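The following exercises ask the reader to work through selected features of one protein chain. Each task is followed by a solution in steps.

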Amino acid sequence: MLHGINLVHKGSPGATDAEDFMGAWTADDIADLAARGFTVVRLGMIWAAVEPEPGQYSQPYLDWLGSQLDLLAAHGIGVILDAHQDLYSQSFGDGAPGWATLTDAPFEESDLWSDAYLTSPAVHGALDAFWANAAGPTGVGLQDSFAAMWAHVAARFGTHPALIGYDILNEPTPGGASPQIFGAIIEAFGAATGQDPQQVAAEFMDPESKLSQLGRLDDVAVHRAIGDTVAPLLAAFEKESVAPMMARVAAAVRGVDEDSLLLREHSYFANIGVPSGQPPLEDDAWLYSPHGYDLTVDTPAIALSSDIRAGTIFARHAQTQERLGAPVLVGEWGAFGDAESVAGHARFLLDTFDENGWSWTYWCWDEDFAGSEAADALTRPRPIAFAGDAVAWKVEGDRFTAVWDGRDCAEPSEFWLPNIERAEVAVECDGVGTPARRTTDRILVDAGTGRFSLTATWR
């Protein structure tokens, strides 16, 4: 099981120098993550930093990525490299280099950065060119260049001991179709709640009115009805545009790295509970990596995030997992920053992930993370690895339980416990007490066959 956090430094819009993309975290910050039992980092990698000119890869930036893998490996933390983007391009937000940004329209920022996905002709044109694999300045298709960039990175880092896998593209988003999809969401919202869609759209643009409208999604039937109405539009995009790109990148990576995991995300709009229509990735080692946020994210109302709305979003992702038949690592969730009164919602999400047996990486680290309420909520008991097949695990107050069907293998089951010196631990196999070993922060249970159970309580 992988539990950890996102580390990413996006660089400012228009940035081109490698130094602009190098994160400010230190070895002490990484030691803090390890001390919280984190075993994975989703490390943001910006295309504009890797390939500032067509076919020319930045040695200083790649060296920096390598130094981060070395640092994380030294603290027992694995790495998923994430081709991060927001608004597609470094020209608008972060992601693609300027030479791979094909659009004639000027860019205008929106009050909430992500609204530019809906309103910006510049973003729409650049995304449409990418999804069409339009030729870049050297005549090579943009997706072909993106795949070649990934192959170069995989050839460099695929054998690194920290490297777990590659997150192919952060939150794939339609271009010119985005306003249509958002319009369909608003129409479906109006129909499901008996409101004028124009009034709904107007209120979503006002922060206070938006919160009132979001409250209507606490009716799970309404939330699901909206998602069901809009899903066919997203399914077409994911099948016709995203899936071929994912296949192209997967083939390029597999040409140099046959073993590391490939992570495939759903579209940006699925973050809010529209079911994903993506097909399976034709590969033997891939994960479904959904994201999920209540629409309070990136606003001062983050402490008002709803367990009900988030529960609906992740229930949709569980349905997608079942359809795809793939393991899950939730790539992004939370985004609580240093907000207060978020611990209860964080625990609800963590309980949801545990119930589903999912790995996760919290969004995201910043310089105030260690002292945040969110960090305290994330520092809780967790399984590290099962020597066999996990059945269930759960945190309830000062009690942690785990059940698994054991197998004979070389390594023990491992569990990370905070305040381990105060924990009382009992382990059974087929109802008979069995020994467990302690390290400074872990419980180890030797492998064997049978139904195992572990219970830890704190004095």
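**Exercise 1. Determine whether Asp167 is buried or exposed, then identify its salt-bridge partner.**

Solution. Asp167 has a relative accessible area of 0%. Buried means under 20%, so Asp167 is buried. The model is a predicted one, and the values used here are computed from it.

The next step is the partner. The side chain of Asp167 meets that of Arg42 in a salt bridge, with an N to O distance of 2.9 Å. The two residues belong to distant parts of the chain: Arg42 is in strand β2 (residues 40-45) and Asp167 is in strand β4 (residues 163-167), 125 residues apart.

The last step concerns the cover of the partner. Arg42 has a relative accessible area of 1% and is therefore buried.

**Exercise 2. State which helices are linked by the salt bridge between Asp63 and Arg156, and classify both residues by accessibility.**

Solution. The side chains of Asp63 and Arg156 form a salt bridge of 2.8 Å, N to O. This pair links helix α3 (residues 59-74), which holds Asp63, to helix α6 (residues 142-157), which holds Arg156; the two residues are 93 apart along the chain.

For the classification, values between 20% and 50% count as partly exposed. Asp63 has a relative accessibility of 38%, so it is partly exposed. Arg156, at 33%, is also partly exposed.

**Exercise 3. Give the distance in the salt bridge between Arg437 and Asp446, and name the residues joined into one salt-bridge network.**

Solution. In the pair Arg437 and Asp446, the closest N and O atoms are 2.6 Å apart. Arg437 is partly exposed at 41%, and Asp446 is partly exposed at 47%.

The network is made up of Arg42, Asp82, Asp167, Glu265 and Glu332, joined by salt bridges that share partners. The total count of salt bridges in the model is 22.

**Exercise 4. Explain why Cys429 forms no disulfide.**

Solution. A disulfide is a covalent bond between the sulfur atoms of two cysteines. The distance between the sulfurs must therefore be examined, with a cut-off of 2.5 Å.

The cysteine sulfur closest to that of Cys429 is in Cys409, at 13 Å, so the two are too far apart for a bond. Cys429 is also buried, with a relative accessible area of 17%. For the whole model, the count of disulfides is zero.

**Exercise 5. Locate Leu87 and Tyr88, and describe their backbone phi angles.**

Solution. Leu87 is in the loop between β3 (78-83) and α4 (116-119). Tyr88 is found in the loop between β3 and α4.

Neither residue is a glycine, yet each has a positive phi: about 65° for Leu87 and about 75° for Tyr88.

Their accessibility completes the description. Leu87 is buried, with a relative accessible area of 3%, and Tyr88 is buried at 5%.

**Exercise 6. Find the cis peptide bond that leads into Cys364, and describe the charged patch that includes Glu367.**

Solution. The peptide bond from Trp363 to Cys364 is cis, and its omega is near -15°. Cys364 lies in the loop between β8 and α13.

Glu367 is placed in the loop between β8 (359-362) and α13 (373-378). Together with Asp338, Glu340 and Asp368, Glu367 gathers in a surface patch of negative charge. The relative accessibility of Glu367 is 72%, so this residue counts as exposed.

**Exercise 7. For Thr16 and Asp228, state the separation of the C-alpha atoms from those of Pro97 and Val274 respectively.**

Solution. Thr16 is in the loop between β1 (3-7) and α1 (27-35). Its relative accessible area is 52%, so Thr16 is exposed. The C-alpha atoms of Thr16 and Pro97 are separated by 8.0 Å, although the residues are 81 apart along the chain.

Asp228 lies in helix α10 (residues 220-254) and is partly exposed, with a relative accessible area of 46%. Its C-alpha atom is separated by 6.9 Å from that of Val274, with their positions 46 residues apart along the chain.

Conventions
Residues numbered from 1 in each chain as written. Predicted model: local features only at pLDDT ≥ 70, side-chain atom pairs only at ≥ 80, totals over all residues. Heavy atoms only, no water. Patch = residues over 30% accessible without salt bridge, like charges linked within 9 Å, V, L, I, M, F, W, Y side chains within 5 Å. Areas by Shrake-Rupley, 256 points an atom, 1.4 Å probe, with all protein chains shown as cover. Salt bridge = Lys/Arg side-chain N within 4 Å of Asp/Glu carboxyl O. Lys, Arg positive; Asp, Glu negative; His and termini not counted. Charge placed at Lys NZ, Arg CZ, Asp CG, Glu CD. Helix = DSSP H or I, 4+ residues; strand = E, 2+ residues; numbered from the N terminus. Buried < 20%, exposed > 50% of the residue type's maximum accessible area, 1.4 Å probe, protein only.
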